[in-house]
Every structure is written in C-alpha cells, then in structure tokens.
Amino acid sequence: MNKDLTPNEILDIVAKVRKGKNNPTTPDGFKLKSTVKYVAGLSDAIEQNQLLHPKNAEEIGITNIDKAKLSYPFIVTGITIKFDTATGAGVTELTAVFDDKAPNYWANGEIEISQDDVLFESPVSAIANLGSPTSVKDDVYTVIPFVLREEKPFKITPSLVGNAVVNQVYRLELHGIELVPDATIR
C-alpha cells in the first residue's frame with residue numbers, strides 16, 4: 001500500500017500546483033493539505049464507549065476535532081494509537097509522554113470508525129506499534145483511504161477487553177489529506 005511516487009506521479013502533482021501556490025489544488029478549487037486529526041484522553045474516562053462527543057470542542061493537546069465533526073472533507077490514509085501507561089496521579093493528556101506499548105486491555109481490543117457506515121474496523125494491535133519502531137513511519141498503519149465528510153458527526157468506538165487502568169492516557173491519530181477551499185480560486 002505504501003509506495004514511492006513515480007516521476008510521472010510527481011509531475012502530475014506539480015502540474016496541479018498553481019503559480020504562486022505551494023499546495024496542489026483540485027479542479028473544483030480545493031487545496032490538498034496533509035494533516036493529522038487526533039483525540040487523546042484517559043482510558044478510564046471514555047464516555048459511552050466513544051472517543052469523540054458532540055459536546056467536546058477543540059482543545060490543543062486533547063483534540064483538534066470539534067464537536068465530533070470536521071470542517072472540511074478529510075481523506076484518512078493512516079491510523080495510529082499511542083499510550084502513556086505511567087499511571088501517576090498527575091498524568092493527563094497534556095503531560096503524557098506517548099512512548100509506551102499498548103496496555104493489554106487496549107491491545108487485545110478492537111476499534112471502529114463510522115460515519116453512517118463502518119469505514120474502518122481493526123484490532124487495536126494492528127494500529128498500535130507493539131514492538132520497537134525503526135521510524136515514525138513505522139508507527140502509522142496505512143489504510144485503504146476513506147473519507148470523513150465535513151459537518152457530519154462521526155464515531156470512533158473502542159471495544160476494550162476488561163477494565164481500563166486509572167490515569168493511563170491514549171492518543172489516536174488519523175493521518176491524511178484535508179480538502180480546504182482555496183479562497184484565491186473562488
């Protein structure tokens with residue numbers, strides 16, 4: 001799934017970059033922007049078995065997904081989940097050091113992403129690097145791309161095996177391409 005671009009593919013991308021612009025644009029006036037959408041939280045504080053909630057606003061270090069929906073279409077190309085299992089009383093999403101292996105109750109569980117239909121489902125062990133990574137790229141599980149539509153809530157549903165441990169922090173990241181309107185075109 002993950003491959004190097006051919007010279008022709010590179011030339012095709014460069015051709016889509018308008019004069020004076022840095023990002024490729026689509027014929028209908030969208031800039032393509034690489035980005036990562038994320039949500040972090042305490043494993044024992046997951047509400048109603050959902051990582052995203054319509055009541056939760058964007059907050060740096062916690063999530064850049066506002067109220068369980070996105071402002072622009074987002075093509076997901078990779079997923080990863082990271083953990084801090086230190087369990088110290090002061091551990092929060094903002095102080096976590098995400099360099100631990102997945103705890104068993106996560107690693108043996110499953111995760112699903114849906115928006116009307118199920119778009120992705122997997123054992124957590126597939127998206128959590130359980131070994132020693134050789135690079136950051138190794139930590140991101142490449143997926144068949146799927147689109148999260150704009151202004152429409154979506155769900156990230158974990159199915160943990162057993163009870164979560166107090167003060168263990170997770171961070172789920174969706175890597176991909178965001179289609180942002182190019183104001184200079186319209």
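Lys 67 lies in the loop between β1 and β2. In this predicted model, the phi of Lys 67 is near 55°. That value is positive, and the residue is not a glycine. Most residues other than glycine have a negative phi. Lys 67 counts as partly exposed because its relative accessibility is 35%, and the partly exposed class runs between 20% and 50%.

A second positive phi is found at Glu 151, again in a residue that is not a glycine. The angle is about 55°. Glu 151 sits in the loop between β5 (141-148) and β6. Its relative accessible area is 48%, so Glu 151 is classed as partly exposed.

The strands flanking these loops belong to open sheets. One sheet has four strands, in the order β1-β7-β2-β5, with antiparallel pairing. Its edge strands are β1 and β5, each of which pairs on one side only. On average, neighbouring strands of this sheet are turned by 30° against each other, with direction ignored. Strands β2 and β5 run antiparallel and are joined by five bridges. Within this pairing, Ile 79 has Tyr 141 of β5 as its bridge partner.

Another open sheet has three strands. Their order is β4-β3-β6, and the pairing is antiparallel. The edges are formed by β4 (117-123) and β6 (155-159), each pairing on one side only. The twist from one strand to the next averages 15°. Strand β3 (residues 110-115) pairs with β6 over five bridges, in the antiparallel sense. Ile 113 has Ile 156 of β6 as its bridge partner. Strands of a sheet pair through backbone hydrogen bonds, either parallel or antiparallel.

Strand β2 (residues 74-84) also contains Ile 75. With a relative accessibility of 24%, Ile 75 counts as partly exposed. The buried class requires a value under 20%, which is why Ile 75, at 24%, does not count as buried. Not counting residues up to four places away in sequence, Ile 75 touches Pro 145, Phe 146, Val 147, His 175, Gly 176, Ile 177 and Leu 179. Among these contacts, Pro 145, Phe 146 and Val 147 fall within the residue range of β5 (141-148). Ile 177 is also one of the contacts. Ile 75 and Ile 177 are 102 residues apart in sequence. In space, their C-alpha atoms are 5.1 Å apart.

Attention turns next to empty space. Rolling a probe the size of a water molecule over the atoms shows where such space is left. The second largest pocket holds about 280 Å³. Its lining is made up of 21 residues. Nearest the pocket centre lie Ala 40, Leu 51, Asn 56, Ile 62 and Tyr 170. Strand β1 (residues 30-42) gives the largest share of the lining, with four residues. This strand is also an edge of the four-stranded sheet. By residue class, the lining of the second largest pocket comprises 12 nonpolar, five polar and four charged residues.

Methods. Residues numbered from 1 in each chain as written. Predicted model: local features only at pLDDT ≥ 70, side-chain atom pairs only at ≥ 80, totals over all residues. Heavy atoms only, no water. 1 Å grid on protein atoms, 1.4 Å probe; cavity = no way out; pocket = protein on both sides within 12 Å on 5 of 7 lines; lining within 4 Å. Points joined across faces, edges and corners; volume = space filled by probe spheres on them. Helix = DSSP H or I, 4+ residues; strand = E, 2+ residues; numbered from the N terminus. Nonpolar A, V, L, I, M, F, W, Y, C, P; charged D, E, K, R; others polar. Buried < 20%, exposed > 50% of the residue type's maximum accessible area, 1.4 Å probe, protein only. Contact = heavy atoms within 4.5 Å. Pairing = 2+ DSSP bridges. Axes fitted to C-alpha atoms, helices over the stretch in contact; angles between N-to-C directions.
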